[in-house]
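Me: I want to go through a protein structure and ask what stands behind the terms used for it. Please set each value against its definition.

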Amino acid sequence: MRIANAEVIVTSPGRNFVTLEITTDDGVVGYGDGTLNGRELAVVSYLRDHVVPLLIGRDPHKIEDTWQYLYRGAYWRRGPVTMAAIAAVDVALWDIKAQVAGLPLYQLLGGASRTGARAYGHASGADLPELFDSIRARLDEGFRCIRVQSGVPGLGMVYGVTSTDVRRDQESNGRHPVPVEEVWDTPAYLRHLPSVFEAVRNEFGPELPLLHDAHHRLTPIQAAQLGKALEPYDLFWLEDVTPAENQEALRLVRQHTTTPLAIGEVFNAVVDYQTLIREQLIDYVRSAVTHAGGVTAMRKLFDYAAQYQIKSGIHGPTDISPVGMAAGLHLDLAIHNFGIQEFMPHSPDTYDVFPHAYTFSDGYLHPGETPGLGVTVDKKAAAQFEYQPAYLPVNRLRDGAMHDW
Ligand code: KDG
Ligand code: MG
């Protein structure tokens, strides 16, 4: 069996997605997600110009060898563009292998360790009434674990907070040809957030698992303060408190708080986690299959984390396509150290482009029993949605200095 064709599909049903379609000489078709939000075309070029020509004629079953060939062979290792491109190839090859075996992918990863993957949904509001409505809406949809994001008095738009809650397929601030600029004030956020969690606990009780994403905006000592201040509200996790490329910074945070910590959605290699995992400075690893080298690399990451009782929390925003989402779900079902899965449902247009077998019911996701990944691409539907440049926002402090968003 040989790879006969590899095509990069760019489509934009509400937001941009990059998908790699690999076809074998036997006519088996596999899909991989290479979407890198805000920098999509860099991955398209990497794939079209530098990877597709290397794939033609290769044996699609040699997944590990192909992964190493693309990773080591490039010489220029890691980075989000390279690793998203490798992920797209890797996932498409796993899709093909599982289809040839006639099994859903999770069976090739060791079989099901659980009946479904517990998911968390996003709730947010500019103020408490809006936030409570949003939490109730997620509970009505079946979510049993909720990420809580809140506006901050005196600040305008805050990333991750949608005031109307109708934008399920959240493109922060809509599509803009240049990034929208938001204003950020860390002391105001630190003063306000504990009161939000106190109010949510008073309204929804002690049992509902609650999560929060600080989106890399804090210094280590601010992160320690926040973790400590939130301890009475028993968070499931506090995410991305600092820009954790300085892994040692987490030692300080850990010394001061028992609030569980999740990190890694912007990481793309196991080495990015080395200190965090070895020193048990975090509790959940957050990478997405799409951004961290595919199923092959993620399996190694989870196995490494498992030695330290660190669990998975795969990144699942709407900028991961249903193809990337499905790849994560097969891993979720198979690995022993599963923690939780982020889930933001895609728009109906996105689901039309990506017919999929995965399901969500009563708080749990399941990848389905279709052989392979269980996601395809309707190319006719995809062609209706042309690529549109779209940027994520940027953040400035009150004095105009650039900050992490
Ligand atoms: O493209 C950026 C988003 O994926 C990210 O901001 C979402 O932080 C996020 C999350 O936890 O889902
Ligand atoms: Mg996040």
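Reply: What follows is a set of questions about terms, each answered from the structure.

This is a predicted model, in which local features need pLDDT of at least 70 and side-chain atom pairs count only at pLDDT 80 or more, while totals for chains, interfaces and linings use all residues. Residues are numbered from 1 along each chain as its sequence is written, chains are lettered from A and ligands numbered from 1 in the order in which they are written, and side-chain values use heavy atoms, with hydrogens and water left out.

Me: What makes Asp-213, Glu-239 and Glu-265 donors of the magnesium ion (ligand 2)?

Reply: Donors are N, O and S atoms within 2.8 Å of the metal (3.2 Å for Na, K and Ca); water is not among the atoms, so sites may look incomplete. Asp-213 (OD), Glu-239 (OE) and Glu-265 (OE) coordinate the magnesium ion (ligand 2) at 2.0 to 2.1 Å, so they count as donors. Their spacing in sequence is D-x25-E-x25-E. Glu-239 belongs to strand S8 (residues 237–239) and Glu-265 to the loop between strand S9 (261–263) and helix H9 (274–278), so the pair ties together parts that are 26 residues apart in sequence. Helices (H or I, at least four residues) and strands (E, at least two) are DSSP runs, numbered from the N terminus.

Me: Why is the pair Lys-379 and Glu-7 called a salt bridge?

Reply: The term asks for a side-chain nitrogen of Lys or Arg within 4 Å of a carboxyl oxygen of Asp or Glu. For Lys-379 and Glu-7 the distance is 2.9 Å, N to O, so the pair qualifies. Lys-379 is in helix H13 (residues 379–383) and Glu-7 in strand S1 (residues 3–11), so parts 372 residues apart in sequence are tied together. The whole structure has 19 salt bridges.

Me: How do you know whether Arg-78 and Asp-272 are buried or exposed?

Reply: Buried means under 20% relative accessible area, exposed over 50%, and partly exposed in between (1.4 Å probe, protein chains only). Arg-78 has 33%, so Arg-78 is partly exposed. Asp-272 has 12%, so Asp-272 counts as buried. These two side chains also meet in a salt bridge (2.5 Å, N to O).

Me: What makes a group of residues a nonpolar core?

Reply: A nonpolar core is a set of buried Ala, Val, Leu, Ile, Met, Phe, Trp, Tyr and Cys residues joined through side-chain atoms within 4.5 Å. The largest one has 111 residues, of which Leu-20, Ile-22 and Leu-47 touch the most other members. Helix H3 (80–101) gives the most to this core, with 12 residues. Domain 1 (3–104) and domain 2 (108–369) both contribute, so the core lies between them; the domain bounds come from an automatic or database domain assignment. A second, separate core of 8 residues includes Leu-211, Phe-236, Trp-237 and Tyr-284.

Me: Where does helix H1 bend, and how is that known?

Reply: The bend at a residue is the angle between axes fitted to the seven residues ending there and the seven starting there. For H1 (residues 40–55) that angle is about 35 degrees at Leu-47. Leu-47 is among the buried residues of H1. Leaving aside neighbours within four places in sequence, Leu-47 is in contact (heavy atoms within 4.5 Å) with residues including Val-8, Val-18 and Ala-85.
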